[in-house]
Amino acid sequence: MLLFYQKSFFKQKKRMGSKFGIGSLSIVMISLLLSLAPKLEAELTTVEQAPKSDGSISFLVIGDWGRRGFYNQSQVALQMGRIGEKMDINFVVSTGDNIYDNGMKSIDDPAFQLSFTNIYTSPSLQKPWYIVLGNHDYRGDVEAQLSPFLRSMDSRWICMRSFIVDAAEIAELFFVDTTPFVDAYFLNPQGQTYDWRGVSPRESYLQTILTDLDMGLRESRAKWKIVVGHHAIKSASIHGNTKELESLLLPILEANNVHLYVNGHDHCLQQISTSQSPIQFITSGGGSKAWRGYYNWKTPEDMKFFYDGQGFMSVKITRTEMGIVFYDVSGNILHKWDTSKMLYTDLEFPL
């Protein structure tokens, strides 16, 4: 049984907004507003996730997947089920773009069952799915994906804008709604219509996210801190780095000792580690359509792994160790990375 509760940093203030009532904001304007605006009252929802009996947690990460089984989505799902059973996973993380091409039309849209319920059928995947929204999800009825009605149809579905998954001080996962950060969706939507209900006014919405995230990370006592969003902070694939996240989000992550930033958006698998940041930048966006044939990264020593095709990743965490593994569409291991830390309680001092 999952426990949902509000992790209050300030008292909540109701936010109202019309569907298309948001103006565009530059990074400079948003930064200025964040520095000058009064502190908003807000709160994050936290979901408690129990670890295994041995004190570990393990989960899979998939992104950019919802295509009714096409583009190898079903094949990726099959291998996820196999790896999930082997690892006895606790849950699944989705990095967004859950329903292509234009989100859900309504809560009755058959795309939900055709792209989710009927695809991820393996017994090992009948665990909670913690889900963020992607830009394609905002092109439809965004409130449909957020509706509790979907969870009544499939109890695995846990989709919110920004929230926390608390795994008993072993790890905390902070899910961030990154689509409203991107100026291009407001300045140059390229004929697309976005459902901005619940986001307007944009400057207040972004300030609330950043304030809540910063406070949540500061107060976290977890051994490992992971932040999940749809858009990449750093990427060598076609979308590249997201400048708005580099400017507004990355400083908060670095100031609060985040270990991983995990995203989708680019339809590939990759790991970037730079000398300028202690964070591992991880992309898992290979849930269906991939093979874009694009790569642009100027410092090869930073690129620990890049794969342009379909696949997914796994994460296993204990109090002292964390390991990630990338898999292709056939379940073959493509890349492994692990790290460890010493706990203060492990140290022995002479009397």
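Among contacts between residues at least 6 apart in sequence, 76% join residues that are at least 24 apart, and this figure, like the others in this briefing, comes from a predicted model. The protein contains nine helices and 16 strands, and of its 351 residues 58% count as buried. Its accessible surface comes to about 15,200 Å², of which 52% belongs to carbon and sulfur atoms.

**The nonpolar cores**

- In soluble globular proteins, nonpolar side chains tend to be buried together.
- In this model the largest nonpolar core has 64 residues, and those with the most contacts inside it are M80, Y120, W129, L253 and Y261.
- Helix α7, which covers residues 202-219, supplies the largest share of this core, namely six residues.
- Apart from that core lies another one of 32 residues, among them Y130, A167, F175 and L269.
- Leaving aside neighbours within four places in sequence, Y120 is in contact with W65, Q73, A77, M80, S115, L125, Q126, W129 and R156, and two of these partners, M80 and W129, are themselves listed with Y120 among the residues with the most contacts inside the largest core.

**Helix α7**

- Because 13 of the 18 residues of α7 are buried, this helix is largely enclosed by the rest of the structure.
- At 1.5 Å a residue, the 18 residues of α7 should span 26 Å, and the end C-alpha atoms of the helix are indeed 26 Å apart, which agrees with that expectation.

**The seven-stranded sheet**

- Seven strands form an open sheet with mixed pairing, and their order is β6-β5-β4-β3-β14-β15-β16.
- The strands β6 (157-159) and β16 stand at the edges, and each has a single partner strand, so one side of each is left without a neighbour in the sheet.
- Neighbouring strands of this sheet are turned by 20° against each other on average, if direction is ignored.
- Helix α2, made of residues 73-87, packs on the sheet and touches β3, β4, β5, β14 and β15, while its direction makes about 15° with that of β14.
- Strand β4 (residues 91-94) and strand β5 (residues 129-131) run parallel and are joined by three bridges, with S94 standing opposite I131 in β5.

**Strand β14 and its partners**

- Six of the seven residues of strand β14 (residues 311-317) are buried, so this strand is largely enclosed by the rest of the structure.
- On one pairing, strand β3 (residues 57-62) runs antiparallel to β14 and is joined to it by five bridges, and the bridge partner of I57 in β14 is I317.
- On another pairing, β14 and strand β15 (residues 321-328) are antiparallel over seven bridges, and the bridge partner of K316 in β15 is G323.
- A hairpin of three residues joins β14 to β15.

**L334 in an edge strand**

- L334 lies in strand β16, which covers residues 333-340, and β16 is one of the strands at the edges of the sheet.
- L334 has a relative accessible area of 29%, and because buried means under 20% and exposed means over 50%, this residue counts as partly exposed.
- Not counting residues up to four places away in sequence, L334 touches L269, F305, Y307, F326, Y327 and D328.
- One of these partners, L269, is 65 residues away from L334 along the chain, yet the C-alpha atoms of the two are separated by 9.5 Å, and L269 also belongs to the core of 32 residues.

Definitions and conventions:
Residues are numbered from 1 along each chain as its sequence is written. This is a predicted model: local features need pLDDT of at least 70, side-chain atom pairs count only at pLDDT 80 or more; totals for chains, interfaces and linings use all residues. Side-chain values use heavy atoms; hydrogens and water are left out. A nonpolar core is a set of buried Ala, Val, Leu, Ile, Met, Phe, Trp, Tyr and Cys residues joined through side-chain atoms within 4.5 Å. Buried means under 20% relative accessible area, exposed over 50%, partly exposed in between (1.4 Å probe, protein chains only). Helices (H or I, at least four residues) and strands (E, at least two) are DSSP runs, numbered from the N terminus. Contact means heavy atoms within 4.5 Å. The expected span of a helix is 1.5 Å times one less than its number of residues. Two strands pair if DSSP finds at least two bridges between them. Axes are lines fitted to C-alpha atoms, for helices over the stretch in contact, and angles run from 0 to 180 degrees between N-to-C directions. Accessible areas come from the Shrake-Rupley method with a 1.4 Å probe; for residues, only the protein chains shown count as cover.
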